[in-house]
Amino acid sequence: MSGLDDVIAAETTLSEVDGQNGRLVICGHLLDDLAGKVSFEDVLALLYANLLGVDEAELRTELAHARLRAFAEIAHLDDNLLALSITEALRALMARLPDGEDRSTALLLTAAPAVFVPALIRRKAGRATIAPDLSRGHAADMLTMLSGETPSSAAIAALDTYLVTVSDHGLNASTFAARVVASTRAGYNSAMLAALGALKGPLHGGAPGPVLDMLDAIETPGNAEHWLAGELARGERLMGFGHRIYRVRDPRADALKKALQRLGAAGGMNAERLDLAEAVEREALALLHRAKPDRKLETNVEFFTALLLEALGFPRDAFTGVFATGRVGGWLAHAHEQIETGRLIRPQSKYVGKAA
Ligand code: ACO
């Protein structure tokens, strides 16, 4: 009851999370048929079929122009904003954007995280920001704005795979928050800001940074069992494991592991890091299965997210912002779908306090 487990709170044509069989369907396509095979713009065209009704090529052009509009906001970065964490600074920057329910607002909100996250990373490191380029795709442009160099095709493919993989995932906490706010007709940006707030927490999108902290603390495969057992004995949760819906392995973890393997050493993937991660995953699963034999705790999306985003050059405090760059597609599509129902979301609570 307290976590609304198994409650169906919306009908959607956007995605289906089949937790028993470990299947994710996005707009009628299995994740396996999308991840590593199509661009983020392709998936946005699917998610935004009702919101924008444009094909991939049109969306690619409109999104590129929206990135340029978002970049104009970077001129207003001040020291107070730069003192915040990247997730909080992203939220503050997003809050300055308009709040309508029109297509221009939807495009600007979709484009903005890909521009703001690299700009914040660079400015916090005392480096100049890099403007978007209309000729590039979304993933390629984000990587260029991050490093200032032309990314390899392997790196572009890896980021595209990541953005596609996290673009939508049923009624997760942030998407539900977006739908609740959208149902009040507050506007797309209000819905997105609510979603960003929910995404920040370590039980949702804030886990991948702590996954790397865990790998750093473990240091070598031989330490994994001892370190992980100590955490569990202290009642800590192992970051990157467990999921409310999946009772088998999260299919997104496999999609991202494949992307990492394709990226390879040439793309920045450190083989030793991957070996350590695989050892940690093995030990963690063995310990969790022993500790919770009835619960079926498996690897979730955040475990391999951490390794992939690290290999692509994103600092760990930017991981939640990169997640938002992909998930914004789902948030806005769900916000639009909720608005179209015309129904305010307003559940009831059961009073269990003192009688009057
Ligand atoms: N490590 C250790 N124990 C765990 C873990 C974990 N990662 N996950 C669940 N458990 C335990 C809980 O302590 C609980 O034990 P109890 O019954 O003795 O109290 C039991 O398994 C069931 O846990 P719930 O909290 O009911 O599971 P829920 O489905 O609500 O949790 C969640 C899902 C929040 C993701 C949880 O597994 C977790 O905290 N994981 C670690 C954080 C993480 O990886 N977050 C990213 C999630 S993916 C995403 O949102 C994009």
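These legends walk through several close-up views of one predicted model.

Local features come only from residues with pLDDT of at least 70 and side-chain atom pairs only from pLDDT 80 or more, while totals for chains, interfaces and linings use all residues. Residues count from 1 along each chain as its sequence is written, and side-chain values use heavy atoms, with hydrogens and water left out.

**View A. The largest pocket and its lining.**
Rolling a probe the size of a water molecule over the atoms shows where empty space is left. Here a pocket is an open set of points on a 1 Å grid over the protein atoms alone, where a 1.4 Å probe fits and protein lies on both sides within 12 Å along at least five of seven lines. The largest one has a volume of about 1,900 Å³, where volume is the space filled by probe spheres set on the points, and points are joined across faces, edges and corners. Its lining runs to 49 residues, and Asn-172, Ala-173, His-243, Arg-244 and Ile-245 lie nearest the centre; a lining residue has an atom within 4 Å of a point. Strand 1 (15-18), helix 9 (173-183), helix 14 (271-291), helix 15 (301-311) and helix 16 (319-341) are the elements that each give two or more residues to this lining. Helices (H or I, at least four residues) and strands (E, at least two) are DSSP runs numbered from the N terminus. Split by class, the lining has 22 nonpolar, 14 polar and 13 charged residues. In that split Ala, Val, Leu, Ile, Met, Phe, Trp, Tyr, Cys and Pro are nonpolar, Asp, Glu, Lys and Arg are charged, and the others, Gly among them, are polar.

**View B. The largest nonpolar core, with Tyr-162 and Val-117.**
A nonpolar core is a set of buried Ala, Val, Leu, Ile, Met, Phe, Trp, Tyr and Cys residues joined through side-chain atoms within 4.5 Å. Buried means under 20% relative accessible area, exposed over 50%, and partly exposed in between (1.4 Å probe, protein chains only). The largest such core holds 114 residues, and Phe-116, Leu-159, Tyr-162 and Phe-314 have the most contacts inside it. Helix 6 (residues 103-124) supplies the largest share of this core, 13 residues. Leaving out residues up to four places away in sequence, Tyr-162 touches Leu-256, Thr-305, Leu-308, Leu-309, Val-322 and Phe-323, with contact meaning heavy atoms within 4.5 Å. Val-117 sits in helix 6 and counts as buried because its relative accessible area is 0%. Not counting residues up to four places away in sequence, Val-117 touches Leu-90, Met-142, Ala-318, Gly-321, Val-322 and Thr-325.

**View C. The three-strand sheet.**
Strands of a sheet pair through backbone hydrogen bonds, either parallel or antiparallel. This one is an open sheet of 3 strands in the order 1-2-3, with antiparallel pairing; strand 1 and strand 3 (29-30) are the edges, each pairing on one side only. Two strands count as paired if DSSP finds at least two bridges between them. Strand 1 and strand 2 (residues 23-26) share 4 bridges, with Val-17 opposite Leu-24 and Glu-16 opposite Val-25. Strand 2 and strand 3 pair over 2 bridges, and Val-25 has Leu-30 as its bridge partner in strand 3.

**View D. Positive phi values in turns and loops.**
Most residues other than glycine have a negative phi, and most peptide bonds are trans. The hairpin of strand 1 and strand 2 has 4 residues between the strands, and Gly-22 there takes a positive phi near 65 degrees. In the hairpin of strand 2 and strand 3, with 2 residues between them, Cys-27 has a positive phi of about 45 degrees. Asp-6, in the segment before strand 1, has a positive phi near 65 degrees and counts as exposed because its relative accessibility is 79%. Lys-296, in the loop between helix 14 and helix 15, has a positive phi of about 55 degrees.

**View E. Buried charged residues in helices 12 and 13.**
Arg-252 belongs to helix 13 (residues 251-263) and counts as buried because its relative accessibility is 3%. Residues up to four places away aside, Arg-252 touches Leu-24, Leu-31, Thr-165, His-169, His-243, Tyr-246, Val-301 and Arg-327. Glu-231 lies in helix 12 (residues 224-233) and is buried too, because its relative accessibility is 14%. Beyond its neighbours within four places in sequence, Glu-231 is in contact with Glu-236 and Leu-238.
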